[in-house]
Structures are given as C-alpha cells and as structure tokens.
Amino acid sequence: MSVEAPPATTRTTIAGIPALVGTELGTSSWHRITQDQVDRFAELTGDHNPIHTDADVAARGPFGTTIAHGYLTLSLVVPLMAEVFEVTDMGTGVNYGIDRLRFPAPVPVGSRLRVSVRLAEATEIAGGIQGKFDVTFEVEGQSKPACVMTMILRFYA
C-alpha cells in the first residue's frame, strides 16, 4: 500500500507575494467526498435537492449517483488551499471575492478531489497586498475540472 506524500506548501511573506505572480503554487492532497458531508451541508444550507441527498432519485438522474453541492465543493477551497499556500507574516487575511466561478463537471459522492493554485496577479493595497489566484478543482479520474475560479484574497500585516 502506497502512502501519498503531503503536498509541498509555498510559503512567503506579504512583501514576497508579488514575486510569485505567474507561479504554480502547488496542488493539495486528495480529499474524499462522503455522503455524510453532503447530507450535513444540505442540512446546514437547506438545499435538499435529491440529486445530492437521495441515492434512488440520483441513480435515475444524469450522473447516476449523488453528487456534492457546487457550493460544498467551493467551500473546501479554504482547507485545501491552506495546504498549498501560506503567508507567514499575515495578521489578517480577507476573502475579497471570486471572479469567473464555474462548475464544469459534477463531484460524485465517494470521489476524491484536490485543488491546484496559480498566482495570477498581485496588487498593492492600503496596508497589504491583494492577490488573484487561479484555482482549479480536479476530480480523480475525470478529464473536466469540477470547479474553476479566480479567488481574490487580501493579506494584511
């Protein structure tokens, strides 16, 4: 049985962020999506679409099985991106927004996904740096990504 090595984390300071523009920052470890996660997300958000929560209904649908909510997938960006990128002298980090969010393919329950992150742009702002990160969610064994976006984060000392 092989054990996956933990992903390498790109570490930098706030001042060092601009030097990383254009850099592939890395890829997270694989994360398995469980029906329990999907059901708990449905409870929390009130989104009980049977494509997510009812195996019998989902089996007759376009994907043949239950799938994760798109916004559940999106919410995993925080822990998965933390495996890839760390600003060591950050006092506060702020999610400023998301550009061009798309969900090109489903995430079947039981599948594994991970993120790849590239720093596309860095801009000075009052008291810190704003970064635009191209983030791609890959599902193991699928050719199309599950989610693609440009995530905008602000880093303050």
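**Fold, core and ring pairs of a predicted chain**

Read from start to end, the protein chain runs β-β-β-α-α-α-α-α-β-β-β-β-β. That makes five helices and eight strands, where helices (H or I, at least four residues) and strands (E, at least two) are DSSP runs, numbered from the N terminus. The model is predicted, with local features needing pLDDT of at least 70 and side-chain atom pairs counting only at pLDDT 80 or more, while totals for chains, interfaces and linings use all residues. Residues are numbered from 1 along each chain as its sequence is written, and side-chain values use heavy atoms, with hydrogens and water left out.

Some whole-chain numbers come first. Taken along the principal axes, the C-alpha atoms fill a box of roughly 55 × 40 × 25 Å. The chain has 157 residues, and 37% of them count as buried; buried means under 20% relative accessible area, exposed over 50%, and partly exposed in between (1.4 Å probe, protein chains only). About 8300 Å² of the protein chain is exposed, and carbon and sulfur atoms supply 53% of that area. Accessible areas here come from the Shrake-Rupley method with a 1.4 Å probe, and for residues only the protein chains shown count as cover.

Contacts (heavy atoms within 4.5 Å) reach well along the sequence: among those between residues at least 6 apart, 72% join residues at least 24 apart. As for charge, the chain carries 12 positive and 17 negative side chains, with the centres of the two sets 5 Å apart. Lys and Arg count as positive and Asp and Glu as negative, leaving out His and the chain ends; each charge is placed at NZ of Lys, CZ of Arg, CG of Asp or CD of Glu.

Next, the interior. A nonpolar core is a set of buried Ala, Val, Leu, Ile, Met, Phe, Trp, Tyr and Cys residues joined through side-chain atoms within 4.5 Å. The largest one holds 33 residues, and Phe133, Val135 and Phe137 touch the most other members. Elements that each supply at least two residues of this core include helix 1 (35-45), helix 5 (77-82), strand 6 (112-125) and strand 7 (128-139). Not counting residues up to four places away in sequence, Phe137 touches a mixed set of partners, among them Leu74, Val77, Leu80, Val115, Cys147 and Met149.

Aromatic rings add another layer, with four aromatic pairs in the structure. Rings of Phe, Tyr and Trp (its six-membered ring) pair if their centres lie within 6.5 Å; planes under 30 degrees apart count as stacked, over 60 as edge-to-face and the rest as tilted. Phe85 and Phe155 have ring centres 6.0 Å apart and planes at 70°, so this pair is edge-to-face. Since Phe85 sits in strand 4 and Phe155 in strand 8, the pair ties together parts 70 residues apart in sequence. Phe85 is buried at 8% relative accessible area, and Phe155 is buried at 6%. Phe155 also pairs with Phe133: the ring centres are 6.2 Å apart and the planes stand at 75°, so that pair is edge-to-face too. Here the link runs between Phe133 in strand 7 and Phe155 in strand 8, 22 residues apart. Phe133 is buried, with a relative accessible area of 0%. Ring pairs thus link Phe85, Phe133 and Phe155 into a cluster.

Towards the surface, Tyr71 belongs to helix 4 and is exposed at 55% relative accessible area. Leaving aside neighbours within four places in sequence, Tyr71 contacts Phe41, Leu101 and Phe103. Phe103 sits in the loop between strand 5 and strand 6 and is partly exposed, at 35% relative accessibility. With the same neighbours set aside, Phe103 is in contact with Gly70, Tyr71, Ala146 and Cys147. The C-alpha atoms of Phe103 and Phe137 are separated by 9.2 Å, with their positions 34 residues apart along the chain.

Two more residues round things off. Arg100, in strand 5 (residues 92-102), is exposed at 59% relative accessibility and has a positive phi of about 50° although it is not a glycine. Most residues other than glycine have a negative phi. Ala126 lies in the loop between strand 6 and strand 7 and is exposed, at 73% relative accessibility. From Ala126 to Tyr156 the C-alpha distance is 8.8 Å, and the two are 30 residues apart in sequence.
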